[in-house]
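Please examine the model below from its sheet outward. The account that follows takes up the strands, the helices and one residue beyond them.

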Amino acid sequence: MKRNKVILYAIGSIVGILIYQIINTSLSQPGLEQYEGKYEEIGYFRNENNTGPVVRVLAIRVLDENPAWMKEFADIQPHSKYGKTHVFFFSSDLTEKVELSPKEPFF
């Protein structure tokens, strides 16, 4: 009987540690704050269609021209199964806002 309790407590402890690790890892993931100072959003478009393809278009002014962070930034943008997200990066020389649309060329 004591052995069953020890095994039960051991399994409970292991499950508790695993749940803690999963929650801790999930809540400590970096977000968009890791890109602060590297970009400025100069345009955003999202169509109102929630039942069909959702189209998101972002225009980003690049303050840091390293292509590695740009790829990561584009990859973490919201996406959906039945839609597309397009991210366009512009030079820091562009100072005005960009008007975006859901059809190509998008700007």
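Across which strands does helix α2 lie, and at about what angle to β3 does helix α2 run? In this predicted model, helix α2, formed by residues 67-75, lies across β1, β2 and β3. The helix runs at about 150° to β3.

The sheet beneath this description is open and consists of three strands in the order β1-β2-β3, with mixed pairing. Strands β1 (39-46) and β3 (83-90) each have a single partner strand and stand at the edges, so one side of each lacks a neighbour in the sheet. From one strand to the next, the twist averages 15°. In general, the strands of a sheet pair through backbone hydrogen bonds, in either a parallel or an antiparallel manner. Here β2 (residues 54-62) and β3 run parallel and are joined by eight bridges. R61 stands opposite F90 in β3.

The segment after β3 contains F106. This residue is buried, because its relative accessible area of 9% falls under the 20% cut-off. Apart from neighbours within four places in sequence, F106 is in contact with V57, H86, F88, E99, L100 and S101. The C-alpha atoms of F106 and L58 are separated by 9.4 Å, although the two residues are 48 residues apart along the chain.

Helix α1 (residues 2-27) contains I7. With a relative accessible area of 42%, I7 is partly exposed, because this value lies between the 20% and 50% limits. I7 belongs to a nonpolar surface patch that also includes I11, V15, I19, I23 and L27. Together these residues have about 570 Å² of accessible area.

Technical notes: Residues are numbered from 1 along each chain as its sequence is written. This is a predicted model: local features need pLDDT of at least 70, side-chain atom pairs count only at pLDDT 80 or more; totals for chains, interfaces and linings use all residues. Side-chain values use heavy atoms; hydrogens and water are left out. Patches are made of residues with over 30% relative accessible area and no salt bridge: like charges are joined within 9 Å, nonpolar side chains (Val, Leu, Ile, Met, Phe, Trp, Tyr) within 5 Å. Accessible areas come from the Shrake-Rupley method with a 1.4 Å probe; for residues, only the protein chains shown count as cover. A salt bridge is a side-chain nitrogen of Lys or Arg within 4 Å of a carboxyl oxygen of Asp or Glu. Helices (H or I, at least four residues) and strands (E, at least two) are DSSP runs, numbered from the N terminus. Buried means under 20% relative accessible area, exposed over 50%, partly exposed in between (1.4 Å probe, protein chains only). Two strands pair if DSSP finds at least two bridges between them. Axes are lines fitted to C-alpha atoms, for helices over the stretch in contact, and angles run from 0 to 180 degrees between N-to-C directions. Contact means heavy atoms within 4.5 Å.
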